[in-house]
Structure formats: C-alpha cells, structure tokens
Amino acid sequence: MVRITERVVNTYFAKLYLSKPGKNDIISLDVRPSDAINVANRCKAPIYVSKEIVLADAIRIGYGTGRGRDAKPTYDVYLDSASEGPDSVAEELNLVRNMDIAVKEERYNDAAMLRDKLTELRKSRH
C-alpha cells in the first residue's frame with residue numbers, strides 16, 4: 001500500500017509498504033509520491049492520503065448541471081481513519097464514490113438517495 005503522509009511547503013512525502021504474499025514481514029520505504037503512486041497503480045494496491053492533505057489541498061467534487069458529459073466525476077480516495085468520532089470528510093467521499101458506482105451500474109434510485117444524503121451532510125456542516 002501507499003500512504004501520502006504529509007506536505008511540507010510544496011513538497012509531498014510518501015511511504016511505500018511492501019510484503020510478499022503469505023508473509024507477515026512488511027518493508028516500509030520513504031519514496032517520492034509519484035513513484036509510490038506508480039507502484040501502487042501497477043500492483044493494484046490501495047493509496048491512502050492523510051486527512052490533513054485532503055482537507056487542505058483536495059478539489060471539492062461536485063455534481064450538477066455544469067459538469068461535462070465526458071468528465072471523470074470521482075476518484076477512489078481513502079482517508080486515514082478518524083482518531084475518534086464520526087469523520088464527515090471520509091463519509092462525504094464515501095457517499096460520492098458510492099453514488100458514482102450506482103450511476104455506472106444504472107441504479108439511479110440508489111444514486112438519488114445517496115445524492116440526498118450527501119446534500120444533507122454538506123448542509124449539516126455549514
């Protein structure tokens with residue numbers, strides 16, 4: 001797996017975790033995020049991003065009438081888990097991801113229900 005751990009000024013830092021199938025030994029390497037993401041992509045491994053980086057640097061994903069037809073609406077994003085209590089950012093990204101899956105699978109009623117939950121979640125934070 002890959003963890004994008006922090007940003008200092010304009011430099012991101014990442015860790016790459018490697019193991020052999022069936023083995024419990026894990027090797028951790030400090031690597032450039034671009035290299036880590038490339039390895040994760042080739043190995044189909046998850047990429048985790050620090051919640052602080054997402055909150056500071058992420059682009060808000062929106063749905064509506066202004067979106068281009070061929071635009072990619074979402075990316076699979078996993079946040080570090082919250083230390084305690086509900087994590088509204090992780091919940092929002094999870095709702096967006098599940099809504100995108102529902103649309104791709106043509107489950108439009110489910111997508112509408114998820115959209116409504118997402119709208120309520122966003123309203124509750126303001």
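# Asking how the labels are earned

Author: From the N terminus on, the elements of the protein chain run β-β-β-α-β-α-β-α-α. That gives four helices and five strands. The model is a predicted one, where local features need pLDDT of at least 70 and side-chain atom pairs count only at pLDDT 80 or more, while totals for chains, interfaces and linings use all residues. Residues are numbered from 1 along each chain as its sequence is written, and side-chain values use heavy atoms, with hydrogens and water left out.

Reader: What makes something a helix or a strand here?

Author: Both are DSSP runs, numbered from the N terminus: a helix is H or I for at least four residues, a strand is E for at least two. Take α3, which covers residues 88-104 and holds Glu 91.

Reader: How do you know that β1 and β2 pair?

Author: Strands pair if DSSP finds at least two bridges between them. β1 (residues 2-8) and β2 (residues 11-18) have six bridges and run antiparallel, so they pass that test. Glu 6 stands opposite Phe 13 in β2, and Ile 4 stands opposite Ala 14. Two residues lie between the strands of this hairpin, where Val 9 takes a positive phi near 55°.

Reader: Which way do β1 and β4 run, and how many bridges join them?

Author: Those two run parallel, joined by three bridges. Ile 4 has Val 49 as its bridge partner in β4. On the other side of the story, β2 and β3 (residues 27-31) run antiparallel with five bridges, and Tyr 17 is partnered by Ser 28 in β3.

Reader: Why is Glu 91 called what it is, in terms of exposure?

Author: Buried means under 20% relative accessible area and exposed means over 50%, with partly exposed in between (1.4 Å probe, protein chains only). Glu 91 has 40% relative accessibility, so it counts as partly exposed. Across the 126 residues of the chain, 23% count as buried.

Reader: What makes a group of residues a nonpolar core?

Author: The members must be buried Ala, Val, Leu, Ile, Met, Phe, Trp, Tyr or Cys, joined through side-chain atoms within 4.5 Å. The largest such core has 10 residues, including Val 2, Ile 4, Ala 14, Val 49 and Leu 93. At least two of its residues come from each of β1, β2, α1 (33-43) and α2 (51-57). A second, separate core has eight residues, among them Leu 95, Val 96, Ala 102 and Leu 114. In soluble globular proteins, nonpolar side chains tend to be buried together.

Reader: How do you know that the charged end of Arg 3 sits over a ring?

Author: The rule asks for NZ of Lys or CZ of Arg within 6 Å of the ring centre and within 35 degrees of the ring normal. The charged end of Arg 3 is 5.4 Å from the centre of the Tyr 48 ring, so the distance fits, and the pair is counted as a charge over a ring.

Reader: Which residues does Ile 4 touch?

Author: Contact means heavy atoms within 4.5 Å. Leaving out residues up to four places away in sequence, Ile 4 touches a list including Tyr 12, Pro 33, Ile 37, Tyr 48 and Ile 53.
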